[in-house]
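Me: Could you take a close look at the sheet in this model for me? I'd like to hear how its strands are arranged, what packs across them and what the loops around there are doing.

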Amino acid sequence: MTSPDFSLELQHWTRGFFRVAGVDEAGRGAWAGPVTVAAVILPSTLAHARFNDSKVLGAPERERLAHEVRRVAVAWAVEHAWPEEIDRLNILGATHAAALRAIARLQPKAQALVTDYLKLRTDLPILAPPKADALSLSVAAASILAKTERDLLMARLDEQLPGYGFALHKGYGAPAHREALARLGVSEQHRRSYAPIARLLQEKLIGEREEQDSPAGVPGRS
C-alpha cells in the first residue's frame, strides 16, 4: 500500500501556490450528528510525515496524529454542518458549506486546495481526485482532524442523549443504532431527510393518525 505524499500539492507549488490546503470530511453517511470538515495547510518540509487516511488508522493512532497535525500545521480549521443544515441543504450542499467555512478560517489563507473529491465552488485553484486522503499528505491530515473531532462530538452527544449509543457507532446505521431508534424514536440529532429516519417519522405519523381516528377505547386498525 502506497503512503500519501506531496505529489498533488507539488502540482500547485510548481505554479507558485505554496499554501495548499488539504480538505476532507467525516460523517457524510451517518444518520445522526454533524458532518465535519477539516482544512489543513502543511509545511513542505514534512515530506516524510506518517499521516494517512484516517480510515486505515486505529483510534489511538488517530488521536496521536491529530495532536501532531495541530502541532506542525501552518494553519488548520474544523467546521461542522449539523442535522438542520444537512436537512435544509442536503448532505452534499452542507458538506460544501462546512468546507468553505473551514477554508475561510485558515490563517494564513490558502492559495490552492486539494480535496477528497469535493468539487467546491471557489476561486482558488483546486484538485479534487477521488480517494485523495490516500494520496495527499495534506488531505490525510485533514481526514485525521475531521474524524477525531467528529468522534469527540459524538461521544458528547452520547452523554446528552443516552441510549442511542452514539459514542459506539458514531451515528451510522449499525444494528445497535437501529434498535435504539425503534425503542427511543428519532432525536433532534437525527438527519430527518435521510431515508431510514424519514421512514420512521412517517410510520410514527401514520400511527398517531390511526390513534386519533379510532373511536375511544377501540384499537386502531392495521
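Reply: Here's a walk through the sheet, then the helix across it and a few backbone oddities in the loops. Keep in mind that this is a predicted model.

The sheet is an open one with five strands, ordered S3-S2-S1-S4-S5, and its pairing is mixed. Strand S3 (75–81) and strand S5 (126–127) sit at the edges, each pairing on one side only. At the S5 end, strand S4 (residues 112–115) pairs with S5 in the parallel sense, over two bridges. Across that pairing, Leu-113 stands opposite Ile-126 in S5. As background, strands of a sheet pair through backbone hydrogen bonds, either parallel or antiparallel.

Now for what lies over it: helix H5 (residues 137–160) goes across strand S1 (20–26), strand S2 (35–41), S3 and S4, and it runs at about 35 degrees to S1.

The loops on either side of S4 deserve a look too. Leading in, the loop between helix H4 (91–105) and S4 holds Pro-108, and the peptide bond joining Gln-107 to Pro-108 is cis, with omega at about 0 degrees. On the way out, Tyr-117 is in the loop between S4 and S5. Tyr-117 isn't a glycine, yet its phi is positive, about 65 degrees. With 46% relative accessibility, Tyr-117 counts as partly exposed, because that class covers the range between buried (under 20%) and exposed (over 50%).

Further back in the chain, Asn-90 lies in the loop between helix H3 (83–89) and H4. Asn-90 is another non-glycine with a positive phi, about 80 degrees, and its 46% relative accessibility makes it partly exposed.

Terms used. Residues numbered from 1 in each chain as written. Predicted model: local features only at pLDDT ≥ 70, side-chain atom pairs only at ≥ 80, totals over all residues. Heavy atoms only, no water. Pairing = 2+ DSSP bridges. Helix = DSSP H or I, 4+ residues; strand = E, 2+ residues; numbered from the N terminus. Contact = heavy atoms within 4.5 Å. Axes fitted to C-alpha atoms, helices over the stretch in contact; angles between N-to-C directions. Buried < 20%, exposed > 50% of the residue type's maximum accessible area, 1.4 Å probe, protein only.
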